[in-house]
Amino acid sequence: MKAQGPLKGVKVLEFVGLGPAPFCAMMLADMGADVVRIDRPGAHGGGAAEVLARGRRSISLNMKDAGDLAICRDLIGKAEILLEGFRPGVMERLGLGPEAALALNPALVYGRMTGWGQTGPLAQAAGHDINYISLTGALGAIGTPQTPVPPLNLVGDFGGGAMYLAFGVLAGLLHARATGEGQVVDAAIVDGASSLMASQHQLAAMGLWNTSRGENVLDGGAHFYGVYRCADGGHVSIGPLEPQFYALLLEKLEIDPDTMPASWTPGDWPAARARLAEVFLGRTRDEWCAMLEGSDVCFAPVLNYEEARSHPHMAQREVFIEIEGVHQAAPAPRFSRTPGAVQGPAPKPGADREAILADWSVTP
């Protein structure tokens, strides 16, 4: 691999797990970090289809083997960042917990990714994204008035989990490079997803948000911020929050503003939504795109992930790339001087042992 990006030269050790920790490692690799993935002996996989594992190298280590455990300790001693996503206590039982790791490498940033966190009554309980965001209030705020709807695993695993882990270990890395002092980063999805709700906490404090789904500006309650069905069964989204944009929308839709209620009067939203729903059913999604896309009405078609690749805006920006026939998102964000790049497809487990040991100056 020929690394490039703002993190070129940063050594990251990843203990293979599921979900948010691998996504964090993927982002670091996309930015040029040398991410070494520790796989279990006999593990299978690799290849472009494993998008979350792209851009790494892999070494297989058996933690019950004294020689492999010694190699692992040596790798920890050479790393700047360690990532693990096990239940609290698992790494400690392997003899590789934070205390042992920081004794080997005092400047190490030890990133821990869990759902519930390292402490608390639920710390040892099993769970998944849907459970974690349930506890934060995020899931309770998303969906229809009748029922919450899981927002894929974007809010928990990847938004509240992986992104906060990446932010945390990079902040820790800056501190470690300035002071020589490493530390533990406890990244919990319940913490991160709660942090993502800061805007709703603010709106609630201002008296502009309540706990009932479908009654608020940003949760489908407002007729000027939502999704509408079209004549062909497709959908479009609108979001003209500002008065001038809302006025333009009504103009484009040929609706007399005097026949519509004041946009910020919640009691009038259901009737106004019904009016807009009737109008949007009058044309196909493509027809609405031809009329509204690119204007200041705050409009976009609702695309599936396959359609998104061919949209002119996404195509011009090269938001998506293809690796060995597998379509996936390109590295983000973008840098003017040190652009990131996918360093390669997911490695075959254990395939890079000799190269890793040589590059990291580890003697087996």
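In helix 6, the residues Val155, Gly156, Asp157, Gly159, Gly160, Gly161 and Tyr164 meet a set from helix 7, made up of Ile189, Gly192, Ala193, Ser195 and Leu196. Sorted by type, the residues of this contact come out as five nonpolar, six polar and one charged. This is a predicted model, and the two helices make a handy way into it. Two packed helices are described by the angle between their axes and the distance between the axes. Here the axes of helix 6 and helix 7 come within 8 Å and cross at roughly 100°. That crossing angle makes helix 6 roughly perpendicular to helix 7.

Stepping back to the whole chain, there are 14 helices and 11 strands to keep track of. The C-alpha atoms fill a box of roughly 80 × 45 × 40 Å, taken along the principal axes. The chain has 364 residues, and 43% of them count as buried. As for how the chain meets itself, take the contacts between residues at least 6 apart in sequence: 65% of these join residues at least 24 apart.

Now for the inside. The largest nonpolar core has 32 residues, and Val12, Leu28, Ile81, Leu83 and Val169 are the ones with the most contacts inside it. Several elements give two or more residues to this core: helix 1 (20-30), strand 4 (81-84), strand 5 (109-114), helix 6 (154-179), strand 6 (183-188) and helix 7 (189-196). So the pair of crossing helices turns up again here, since both helix 6 and helix 7 are on that list. The top contributor, though, is helix 1, with eight residues. Leu28 gives a good picture of what goes on in there. Once its neighbours within four places in sequence are set aside, Leu28 is still in contact with Leu7, Val12, Ala33, Val35, Leu83, Val169 and Leu170. Among these partners, Val12, Leu83 and Val169 are themselves residues with the most contacts inside the core.

There is also a second, separate core, this one of 24 residues, and its members include Leu13, Leu69, Ile76 and Phe86. Phe86 is worth a closer look. It sits in the loop between strand 4 and helix 3 (90-93). Despite that loop address, Phe86 counts as buried, at 17% relative accessibility; the cut-off for buried is under 20%. Not counting residues up to four places away in sequence, Phe86 touches Phe15, Val16, Arg40, Met91, Met113 and Thr114. Its C-alpha atom is also 7.8 Å from that of Arg112, a residue 26 places away along the chain.

Leu18 is another loop residue, placed between strand 1 (11-15) and helix 1. With a relative accessible area of 75%, Leu18 is exposed, whereas Phe86 is buried. The C-alpha atoms of Leu18 and Gln183 are separated by 23 Å, and the two residues are 165 apart along the chain.

What about the cysteines? A disulfide is a covalent bond between the sulfur atoms of two cysteines. This structure holds zero of them. For Cys24, the closest cysteine sulfur is in Cys72, and at 18 Å it is too far for a bond. The view from Cys72 is no better, because its closest cysteine sulfur is the one in Cys24, again at 18 Å. To count as a disulfide, the two sulfur atoms would need to be within 2.5 Å. Cys24 is buried, with a relative accessible area of 0%, and Cys72 is buried at 0% too.

Finally, the backbone has a few quirks. A cis peptide bond, with omega about 0°, joins Ala332 and Pro333. Pro333 belongs to the loop between strand 11 (326-329) and helix 14 (353-359). Two glutamates stand out for their phi angles. Phi of Glu254 is near 60°, a positive value in a residue other than glycine. Glu254 lies in the loop between helix 9 (243-252) and helix 10 (269-280), and it is exposed, at 73% relative accessible area. Glu324 also has a positive phi, near 50°. Its loop runs between strand 10 (320-323) and strand 11, and Glu324 is exposed as well, with a relative accessible area of 62%.

Note on methods. Residues numbered from 1 in each chain as written. Predicted model: local features only at pLDDT ≥ 70, side-chain atom pairs only at ≥ 80, totals over all residues. Heavy atoms only, no water. Core = buried A, V, L, I, M, F, W, Y, C linked by side-chain atoms within 4.5 Å. Buried < 20%, exposed > 50% of the residue type's maximum accessible area, 1.4 Å probe, protein only. Helix = DSSP H or I, 4+ residues; strand = E, 2+ residues; numbered from the N terminus. Contact = heavy atoms within 4.5 Å. Axes fitted to C-alpha atoms, helices over the stretch in contact; angles between N-to-C directions. Parallel < 35°, antiparallel > 145°, perpendicular 65-115°, else oblique. Nonpolar A, V, L, I, M, F, W, Y, C, P; charged D, E, K, R; others polar.
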